[in-house]
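Student: I would like to go through the terms used for this structure and hear what justifies each of them.

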Amino acid sequence: MKFTIKMWRQEGPEIPGSFVEYSIDNVLPEMSFLEMLDNLNEEIIGRGEEPVAFDSDCREGICGMCGLVINGMAHGPKRACTTCELRMREFPDGAVITVEPFRAKGFPVIKDLVVDRGAFDRIIAAGGYVSVNTGSAPDGNAIPISKDIAEKAMDAAACIGCGACVAACPNASASLFTSAKISQLALLPQGHAERKQRALRMVEQMDREVFGNCSNHAECEAACPKSISIDNIARMRREYMKAMR
Amino acid sequence: MTAGAESILNAKIPEGSIQDKWKNHKAGIKLVAPANKRKYTVIVVGTGLAGGAAAASLGELGYNVLNFCIQDSPRRAHSVAAQGGINAAKNYQNDGDSVWRLFYDTVKGGDFRSREANVYRLAEVSANIIDQCVAAGVPFAREYGGTLANRSFGGAQVSRTFYARGQTGQQLLLGCYSALMRQVDEGRVKLYTRREMLDVVLVDGRARGITVRNLVTGEIESYAADAVCLATGGYSTVFFLSTNAVNSNATAAWRCYKKGAFFANPCYTQIHPTCLPQMGETQSKLTLMSESLRNDGRVWVPKKKGDDRPPHQIPEKERDYYLERKYPAFGNLVPRDIASRAAKAMCDDGFGVGPTGYAVYLDFGDAIKRLGKDMIRDRYGNLFAMYHEITDDDPYQTPMKIYPAPHYTMGGLWVDYNLMSTIQGLYVLGEANFSDHGANRLGASALMQGLADGYFVIPATIGDFLAEHRPDGLTTDHDAFRASRNEVDDAVKKLLSIKGNKTVRQYWWEVGRIMWNQVGMGRNEKGLQQAISDIKGLREDYWKNVKVGGSAEDLNKSLEFAGRVADFLELGELMARDALGREESCGGHFREEHQTPEGEALRHDDTFCHVAAWEFKGAGKDPVMHKESLEFENVHLAQRSYK
């Protein structure tokens, strides 16, 4: 297969970027999108030019490190799929593919396709935990948790923190990310002692990080590689309202 | 190679019966008073289960912790990718499990090449790990009555594996990450992301800090501390294609080796039996499918060589369920090394399937008939989806095709019972150390060991050292730090200055090829000698001909990999040397010259019941091997049998 890549190149945070066109040949349909980029970079290095910087790590869809906007869609055209899991067979041979970084004020570009998602860590630091010191835990079976609740909590906990929800949202809202953690810990009894303070602090931190508000577009759910539901956003709002009282 | 220096290694195993060692040790070690802890600084490198748990727990205790990772967030560490589960001797299933049995299974699974006292401690704290994770909000799988669910893993005849769907590593890591971020919020842990450790700094022979490259600005920075904990994972990426993350590497551990930390059993590598077969030469990594699949999946190949009929057209009686045939007692749940070797043997003999002939079937047909599609989806849904995604084959309809791939390294920096390396004040945790898994790790034990080291071992043992080594106000202005920064800076500049005509990735691929062919699943004297000479040649070529590109002053992935590949070109040789010296087969180390008539690993306990710990003697000089002899006082040394 053969493709033309319209690639976002940006040397640094303060330097304006632009699209640069590359063509790539000998792409196999079973190659992942990032393997295609690896090969393109080999060619670019071979020509003595600066390779395209992009983040990736596990390459099996679980670490959340990769994330590109491909043809205008966070993580590309396939639903419930990270960039690293996306295969080239999803694109017609000869296609022109546009590649950009996740764009949001809360995710400043570091270089080319690499962005700074430190805001997500700061949101978690604001309360995305149960305050239990190592060594002070009761027996694991001391608190029974119904299978149904455990499964719902797991659905929310499946978030990989990639930031596609922010990139997909017209408001660049981080609501899906924040609500997934708030939901997980609101559902589980272990999280109940701190649920009010957690909802307040995490939501406030999210606002401080210059993410926009949620206005129910649900683009986040559509882009989420783990199909995290916007029900979590509703739960976050309830938690926040209850905590305000 | 010399063996005359056994006394150099003191494992510091506490006195007493195996059941009492850890208890007695904890009761006897020195403590740092609560008000004094904040006067100490501890560096933790790595934020996976071992590093994250250590940083969080040391922060909770009141130490001043500096925590480093190469990714943009601690939540990305490769522990995140572990799928199947975590072992613990809870005996919630009433199926006869106990601390003793987990200890025994782990020693046996490791083919009697691990340190008894460490393994017993691991089994002992396993139950506390589950409690801690549940309390932190890890959504483990539950039964309808609300209690924790378990499943079985290889090498065990009990169900002691706790899990969170097929993403247990992710959930445990996020639990540990949340505890870490709580400490960040409280100001006790300071986080340094996108930093790669490139040197350990020694002052008066003691580890007092590290030098890192800031991967965004390119700056070479150093940090001082009272002790350094390394939790930087294993070195499977030396094979180029492995199930590890692309950024997983050996550099931090390797640089410590070159500063005096002995490297133990580098040849003990684990090739995981259930991975997706390689598809092409441009592939960047291999994908693992959890071992838990072997609970319900049956492994088979056609009885006829070169049978290329699609699997559903091969009738039952023409299939060879070779694991069930060869190992009736454990069947599809034999340990990983045995399952991997059996797959290789079937394929080498011409029974393999798929386009390359290097794959075997993992079939869920019977399980779906027995339990229904919904139950199977419940247990393995995300794994099936992942398989479908990558291969475009639906495992609900047709058997998976699998083949072994490099996955985990049991070898690592040598540590004593306290997890201290041969460098004073340098501790090594998790996969980066060598201690608990012997020559083969059992499934669901890596998560257990990482968290045991981080949550429960290091918080106890580090205090003993720190109490004896009071803070002395050392800063990074000290000459040792300046020298370290210069050394690192020179190495970075050297790589960029070569400007040859072969990319870093090409060299990585080549060294990986050598390692996979000669130091992989089957090893022999001739091949290992060939590997040593080939790697040497490739290494010399690398320093003349590598093309890195970009600059040292900003984010430069090619430069990051260049340093790592330079280290693989040295580590690979040490692995081959170790494999050459160990003239026996044990666990993941299979020397073709040493096998039973049935083709099983044949150990030589009279000559090789020891840890081989290698000491760096300088560039261009041969390393020296030191032995720590392994005493088995509680477990009887036996030929492993899973029949």
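**A sheet and the helix on it**

Tutor: This is a predicted model. In chain B, four strands form an open sheet in the order β16-β10-β20-β21, and their pairing is antiparallel.

Student: What makes β16 and β21 of chain B edge strands?

Tutor: Each of the two, β16 (412-413) and β21 (624-629) of chain B, pairs on one side only.

Student: How do you know that β10(B) and β16(B) pair?

Tutor: Pairing requires at least two bridges between the strands. Strand β10 (residues 263-264) of chain B and β16(B) have two bridges, in the antiparallel sense, so they count as paired. Within this pairing, A264(B) is opposite G412(B) of β16(B).

Student: Which helix packs on the sheet?

Tutor: Helix α16 (residues 557-581) of chain B does, and it touches β10, β20 (610-615) and β21 of chain B. The directions of α16(B) and β20(B) make an angle of about 145 degrees.

**Helix pairs in chain B**

Student: Why are α5(B) and α12(B) called roughly perpendicular?

Tutor: Helix α5 (residues 116-135) and helix α12 (residues 446-468) of chain B pack at about 85 degrees, and their axes are 9 Å apart. Angles of 65 to 115 degrees count as roughly perpendicular. The angle of about 85 degrees falls in that range, and α5(B) and α12(B) are therefore roughly perpendicular.

Student: Which residues meet there, and how do they divide by class?

Tutor: On α5(B) they are L122(B), V125(B), S126(B), N128(B), I129(B) and Q132(B). On α12(B) they are M448(B), Q449(B), L451(B), A452(B), Y455(B) and F456(B). The contact of α5(B) with α12(B) has eight nonpolar, four polar and no charged residues.

Student: What makes α13(B) and α16(B) roughly perpendicular?

Tutor: The axes of helix α13 (residues 479-498) of chain B and α16(B) cross at roughly 105 degrees and come within 10 Å. Set against the range of 65 to 115 degrees, that angle makes the two helices roughly perpendicular. V492(B), L495(B) and L496(B) of α13(B) make the contact with L559(B), A562(B) and G563(B) of α16(B). By class, the contact of α13(B) with α16(B) has five nonpolar residues, one polar and no charged.

**Buried loop residues**

Student: How do you know that C69(B) is buried?

Tutor: A residue is buried if 20 or more other C-beta atoms lie within 10 Å of its own. C69(B) has 28 such neighbours, so C69(B) counts as buried. C69(B) lies in the loop between β2 (64-68) and β3 (86-87) of chain B. Leaving out residues up to four places away in sequence, C69(B) touches G46(B), T47(B), P74(B), A77(B) and T193(B).

Student: What is notable about phi of N265(B), and is N265(B) buried or exposed?

Tutor: N265(B) is not a glycine, although its phi is positive, about 45 degrees. It sits in the loop between β10 and β11 (269-275) of chain B. With 31 other C-beta atoms within 10 Å, against a cut-off of 20, N265(B) is buried.

Student: Where is A444(B), and why is A444(B) called buried?

Tutor: A444(B) belongs to the loop between β17 (426-428) and α12 of chain B. Its phi is near 70 degrees, positive in a residue other than glycine. A444(B) has 28 other C-beta atoms within 10 Å, and the cut-off is 20 or more, so A444(B) is buried.

**Domains and chains**

Student: How is chain A divided, and what do the two parts share?

Tutor: Chain A has domain 1 (3-111) and domain 2 (118-244), and the C-alpha centres of these domains of chain A lie 29 Å apart. In their contact, 18 residues of domain 1 of chain A meet 17 residues of domain 2 of chain A.

Student: How many residues of chain A are in contact with chain B, and which element supplies the largest share?

Tutor: 63 residues of chain A contact 63 residues of chain B. Helix α1 (33-46) of chain A is among the elements that supply at least two residues of that side of chain A, and α1(A) gives the largest share, seven residues. The side of chain A that touches chain B divides into 31 nonpolar, 17 polar and 15 charged residues.

How values were computed: Residues are numbered from 1 along each chain as its sequence is written. Chains are lettered from A and ligands numbered from 1 in the order in which they are written. This is a predicted model: local features need pLDDT of at least 70, side-chain atom pairs count only at pLDDT 80 or more; totals for chains, interfaces and linings use all residues. Two residues are in contact if their C-beta atoms, placed from the backbone, lie within 7 Å. Axes are lines fitted to C-alpha atoms, for helices over the stretch in contact, and angles run from 0 to 180 degrees between N-to-C directions. Ala, Val, Leu, Ile, Met, Phe, Trp, Tyr, Cys and Pro count as nonpolar, Asp, Glu, Lys and Arg as charged, and the others, Gly among them, as polar. Angles under 35 degrees count as roughly parallel, over 145 as roughly antiparallel, 65 to 115 as roughly perpendicular and the rest as oblique. Domain bounds come from an automatic or database domain assignment. A residue is buried if 20 or more other C-beta atoms lie within 10 Å of its own, exposed if 12 or fewer, and partly exposed in between; C-beta atoms are placed from the backbone.
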